[in-house]
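Me: Could you take a close look at one part of this model for me? I'd like to hear about a single helix and the charged pairs around the fold.

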Amino acid sequence: MTAIIETIFKVAEKLFTLRGELSKARSARKQQVADFLAAIAQSIEEASASLKQGIYPHGKCQELLVHSQHMEAAIGDLVGVQQAGDLGRQLKEVWEIERLYGELQGVAPVEKERKLSVLDQAAGLFRATAAFVRVSP
């Protein structure tokens, strides 16, 4: 698996484990957190869809970079500034998701599909965390 996909998955997985802390926010704040996480999921989903079609995922690097830069402000008050900063830095390490286009060239279709399915799973974890935060009491 590529380092980009692996790191995105790890960030998504960690945020999913923090869903309880994220859901402790008040109602309006929950919506902001859920929207932030859903936006990350959408960026990943759109990049994955483009890559599956062999299309360069224009603009997705910048989207992930912006999300990584806002992680601390978006969730730091709920999970701790240190934890949010760490997650933001991890996401920033792989913000160049467009590089996957080059990395996947020449890869066997089955292997490409497997790698992108992990990317889809990561997006799903971001979506699931957003949904949990949105509906939690």
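Reply: Happy to; here is a walk along one helix, followed by some salt bridges. This is a predicted model, in which local features need pLDDT of at least 70, side-chain atom pairs count only at pLDDT 80 or more, and totals for chains, interfaces and linings use all residues. Residues are numbered from 1 along each chain as its sequence is written, and side-chain values use heavy atoms, with hydrogens and water left out.

Helix H7 covers residues 109-135 (helices are DSSP runs of H or I, at least four residues, numbered from the N terminus). Its 27 residues reach 38 Å from first C-alpha to last, close to the expected 39 Å (1.5 Å times one less than the number of residues). Among its buried residues are Leu116, Leu119, Phe126 and Val133 (buried means under 20% relative accessible area, exposed over 50%, partly exposed in between, with a 1.4 Å probe and protein chains only). The buried residues of H7 pack against helices H1, H2, H3 and H6 (contact means heavy atoms within 4.5 Å).

Toward H3 there is also a salt bridge: Asp35 pairs with Arg134, closest N and O atoms 3.2 Å apart (a side-chain nitrogen of Lys or Arg within 4 Å of a carboxyl oxygen of Asp or Glu). Because Asp35 lies in H3 and Arg134 in H7, the pair ties together parts 99 residues apart in sequence. Asp35 is partly exposed at 39% relative accessibility, and Arg134 is partly exposed at 37%.

H3 has another such link, as Arg29 and Asp77 meet in a salt bridge of 2.6 Å, N to O. Arg29 lies in H3 and Asp77 in H4, so this pair joins parts 48 residues apart in sequence. Arg29 counts as buried at 18%, whereas Asp77 is exposed at 54%.

Technical notes: Helix = DSSP H or I, 4+ residues; strand = E, 2+ residues; numbered from the N terminus.
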